[in-house]
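User: I'm new to reading protein models and would like to learn how the terms are justified. Could you take me through this one?

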Amino acid sequence: MTEAFIHSHSHSQKLIHSFIHILLFKSPISGFSSLLTCFESFRIIVMNALAATSRNFRNAARILGLDSKLERSLLIPFREIKVECTIPKDDGSLVSYVGFRVQHDNARGPMKGGIRYHPEVDPDEVNALAQLMTWKTAVADIPYGGAKGGIGCSPKELSNSELERLTRVFTQKIHDLIGIHTDIPAPDMGTNAQTMAWILDEYSKFHGHSPAVVTGKPIDLGGSLGREAATGRGVVYATEALLAEHGQAIRDLTFVIQGFGNVGSWAARLIHERGGKVIAVSDITGAVKNADGIDIHKLLAHKDKTGSLKDFDGGDSMEPSELLAHECDVLIPCALGGVLKRENAADVKAKFIIEAANHPTDPEADEILSKRGVTILPDIYANSGGVTVSYFEWVQNIQGFMWEEDKVNNELRRYMIRAFHNIKGMCQTHNCNLRMGAFTLGVNRVARATTLRGWEA
């Protein structure tokens with residue numbers, strides 16, 4: 001699939017409508033200006049996560065010298081599923097939603113990936129994330145392939161009982177295509193442990209008690225200790241591995257963290273506990289800074305109490321838009337994708353960027369930052385702690401034996417450090433940066449497994 005055709009259908013339709021409106025109703029000058037703005041928006045949409053993932057894959061394939069037929073085969077999803085989910089609402093009316101599941105690759109094991117509930121869920125987005133999961137699980141060296149799913153809905157507009165009915169109908173439609181050794185869903189945007197509990201219960205009606213069919217479950221239903229903190233903890237282990245390579249440690253450096261949700265708050269807490277100085281934090285409610293270091297435990301208590309970072313007495317408020325350019329040693333974007341772009345890349349003052357969010361750095365910013373000597377630890381590795389502990393949860397469910405939290409954390413650390421050294425090995429072999437080191441590592445493992453299985457037979 002070429003980059004020119006990688007786009008979001010729903011966004012494209014909105015832009016086409018904008019073009020028509022401009023051509024019909026605007027004056028020539030203002031119409032032309034608006035048209036340029038729309039084309040610029042379209043360019044940004046085209047270069048989205050799927051385009052960046054495909055671009056990185058093709059660069060890795062070229063570095064590895066992959067056969068062109070094998071390269072095409074690795075991009076094509078194993079299976080794409082689209083189902084209609086009709087449920088009765090609480091008022092008795094019927095409403096229909098479209099559910100998707102893209103199973104990208106199973107050469108290295110059963111497919112793995114989250115399920116998101118969001119109004120913008122569409123086949124291209126799900127395909128992109130499924131493909132990324134294939135490379136991510138290979139980089140982490142866990143025996144999975146990639147998958148992703150979702151339902152195009154607004155979960156905030158649905159009651160709890162409506163969400164349950166929707167989840168159960170979706171599970172009924174796909175239950176024979178997922179499974180313990182086939183495809184293991186997990187929570188994602190708009191879903192949580194409760195969603196996984198409903199999937200587990202519905203799936204078990206058809207296949208018997210099957211706790212390993214989903215991960216990210218409540219502890220009472222076989223979820224793993226340490227799973228809640230896993231992504232943030234993995235980010236910290238990855239940061240430690242990178243800094244050690246440069247002869248530095250967390251306790252000696254300053255950190256700025258964008259995003260204070262699950263990942264950002266855990267990363268901040270663990271960095272603070274290791275003696276690192278977190279000097280600025282932001283989320284959708286605001287931003288706070290303190291040159292002497294923020295007391296993260298105090299900030300967490302303030303946010304729990306007020307629901308906001310505003311009016312925190314342990315620091316000064318700042319504009320969230322200024323956070324990425326704040327003076328620091330290490331910048332950790334933990335929020336949205338595409339926050340580092342051509343327009344602001346030159347303003348970044350950090351020496352290291354740890355990509356805790358998915359695709360926070362667009363390709364143009366990546367190039368600018370690399371030329372400036374900024375070291376970027378890519379998302380495909382840096383935020384893989386969550387899927388790694390999901391793997392541990394699956395293993396525990398299959399064994400029927402649950403691990404202590406210390407064992408989960410120690411195993412996570414071992415996997416993250418090993419993966420970093422494997423990435424560095426690929427960087428040295430192919431004379432490339434960390435992003436290409438991670439992609440060549442992941443793509444090479446999947447290509448090797450595919451070839452060994454006899455894909456041309």
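User: What makes strand E2 count as mostly covered?

Analyst: Buried means under 20% relative accessible area (exposed is over 50%, partly exposed lies in between, with a 1.4 Å probe and protein chains only). Seven of the ten residues in E2, residues 94-103, are buried, so by that cut-off the strand is mostly covered. Please keep in mind that this is a predicted model: local features need pLDDT of at least 70, side-chain atom pairs count only at pLDDT 80 or more, and totals for chains, interfaces and linings use all residues. Residues are numbered from 1 along each chain as its sequence is written, and side-chain values use heavy atoms, leaving out hydrogens and water.

User: Why are 79-88 called a strand, and how do you know that E1 pairs with E2?

Analyst: Strands (E, at least two residues) and helices (H or I, at least four) are DSSP runs, numbered from the N terminus. Residues 79-88 make up strand E1. Two strands pair if DSSP finds at least two bridges between them. E1 and E2 have ten bridges, in the antiparallel sense, so they meet the rule. You can follow the pairing along E2: Glu 80 stands opposite Val 102, Lys 82 has Phe 100 as its bridge partner, and Thr 86 stands opposite Ser 96.

User: What lies between the two strands of that hairpin?

Analyst: Five residues separate E1 and E2, and in this hairpin Gly 92 takes a positive phi near 95°.

User: What makes E4 a partner of E2 as well?

Analyst: The same kind of bridge count settles this: E2 and E4, residues 145-151, pair over five bridges in the antiparallel sense. One example is Gly 99, whose bridge partner in E4 is Ile 151.

User: Why are E1 and E5 called edges of the sheet?

Analyst: The open sheet has five strands in the order E1-E2-E4-E3-E5, with mixed pairing. E1 and E5 (183-187) each have a single partner strand, so one side of each is left without a neighbour in the sheet. Neighbouring strands here are turned by 20° against each other on average, direction ignored. Such angles run from 0 to 180 degrees between N-to-C directions, using axes fitted to C-alpha atoms, for helices over the stretch in contact.

User: Which helix lies across this sheet's strands, and at what angle to E1?

Analyst: Helix H6, residues 160-174, lies across E1, E2, E3 (111-117) and E4, and runs at about 140° to E1.

User: How many helices and strands does the whole protein have?

Analyst: There are 16 helices and twelve strands. Of the 457 residues, 56% count as buried.

Terms used:
Contact means heavy atoms within 4.5 Å.
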